[in-house]
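Student: Got a minute to walk through this one with me? I'd like to go from the rings to the strands and then the cysteines.

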Amino acid sequence: CTTDGYTTHTCSVCGDSYKDNIVPALGHSYDNGVVTKEATETEKGIKTFTCTVCGDTYTEEIPATGHDYKAVVTAPT
């Protein structure tokens, strides 16, 4: 994912070698992510993404959900 590919040519007599046919690294191919910590009303969550080729990971925050207040009216007496 992060290292270029290439062809190495080595002399069978003296061992001298050189590289050519450089192929650029493909880059990571991340999945859609998995929630590894659920967000709550007051705490952020975490979503983890994993490269399907090499297993590298990165995370993103999931915002806290916040409170869901319901109004209850108490009539005066």
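**Rings, strands and cysteines**

Tutor: Sure. Start with the aromatics: Y30, F49 and Y58 are linked into a cluster by ring pairs. Keep in mind that this is a predicted model.

Student: OK, how many aromatic pairs does the count come to?

Tutor: The count comes to 2 aromatic pairs. In one of them, the ring centres of Y30 and Y58 are 4.8 Å apart and the planes stand at 85 degrees, so that pair is edge-to-face.

Student: Where do Y30 and Y58 sit along the chain?

Tutor: Y30 is in the loop between β2 and β3, while Y58 is in strand β5, so their pair ties together parts that are 28 residues apart in sequence.

Student: And how does F49 pair with Y58?

Tutor: F49 and Y58 are stacked, with 4.8 Å from centre to centre and 10 degrees between the planes.

Student: Why does that angle count as stacked?

Tutor: Because planes under 30 degrees apart count as stacked, and for F49 and Y58 the angle is 10 degrees.

Student: What about accessibility, is F49 buried or exposed?

Tutor: F49 is buried, at a relative accessible area of 9%. Y30 is partly exposed at 29%, and Y58 also falls in the partly exposed class, with 31% relative accessibility.

Student: Which residues does Y58 touch, if I skip its neighbours within four places in sequence?

Tutor: With those left aside, Y58 is in contact with Y30, K47, T48 and F49. For T48, the C-alpha to C-alpha distance to Y58 is 5.9 Å, with the two positions 10 residues apart in sequence.

Student: Let's do strands. Which strands make up the open sheet?

Tutor: The open sheet has 3 strands in the order β3-β4-β5, and the pairing is antiparallel. Its edge strands are β3 (34-37) and β5 (57-62), each of which pairs on one side only. From one strand to the next, the twist averages 35 degrees.

Student: How many bridges join β4 to β5?

Tutor: There are 6 bridges between strand β4 (residues 45-50) and β5, and the two run antiparallel. To get the register, look at K47, which stands opposite E60 in β5.

Student: And what do β1 and β2 form?

Tutor: A hairpin, with 6 residues between the two strands. Strand β1 (residues 5-10) and strand β2 (residues 17-23) run antiparallel and are joined by 5 bridges. T8 stands opposite K19 in β2.

Student: What's the backbone doing in that turn?

Tutor: G15 in the turn has a positive phi of about 85 degrees. There's another positive phi to look at, in N21, near 55 degrees, and that residue is not a glycine. N21 is found in strand β2.

Student: Back to K19 for a second. Which ring does K19 lie over?

Tutor: K19 lies over the face of Y6, at 4.4 Å from the ring centre.

Student: New topic, then. How many disulfides does the count come to?

Tutor: The count is 0 disulfides. C1 is in no disulfide, and the nearest cysteine sulfur, that of C51, is 3.6 Å away.

Student: Why doesn't that distance make the cut?

Tutor: Because a disulfide needs the two cysteine sulfur atoms within 2.5 Å, and the sulfur of C51 is 3.6 Å away from that of C1. Likewise, C51 is in no disulfide, with the sulfur of C1 as its nearest cysteine sulfur.

Student: So is C51 buried or exposed?

Tutor: C51 is buried, with a relative accessible area of 3%. C1 is partly exposed, at 25% relative accessibility.

Student: Last bit, the tail. Where does H67 lie?

Tutor: H67 lies in the segment after β5. At 45% relative accessibility, H67 is partly exposed.

Student: What is H67 in contact with, leaving aside its neighbours within four places in sequence?

Tutor: H67 is in contact with E41 and T42.

Student: And how many Å separate the C-alpha atoms of H67 and C54?

Tutor: Those C-alpha atoms are separated by 39 Å, and the two residues are 13 residues apart along the chain.

Conventions:
Residues are numbered from 1 along each chain as its sequence is written. This is a predicted model: local features need pLDDT of at least 70, side-chain atom pairs count only at pLDDT 80 or more; totals for chains, interfaces and linings use all residues. Side-chain values use heavy atoms; hydrogens and water are left out. Two strands pair if DSSP finds at least two bridges between them. Helices (H or I, at least four residues) and strands (E, at least two) are DSSP runs, numbered from the N terminus. Axes are lines fitted to C-alpha atoms, for helices over the stretch in contact, and angles run from 0 to 180 degrees between N-to-C directions. Rings of Phe, Tyr and Trp (its six-membered ring) pair if their centres lie within 6.5 Å; planes under 30 degrees apart count as stacked, over 60 as edge-to-face and the rest as tilted. Buried means under 20% relative accessible area, exposed over 50%, partly exposed in between (1.4 Å probe, protein chains only). A charge sits over a ring if NZ of Lys or CZ of Arg is within 6 Å of the ring centre and within 35 degrees of the ring normal. Contact means heavy atoms within 4.5 Å.
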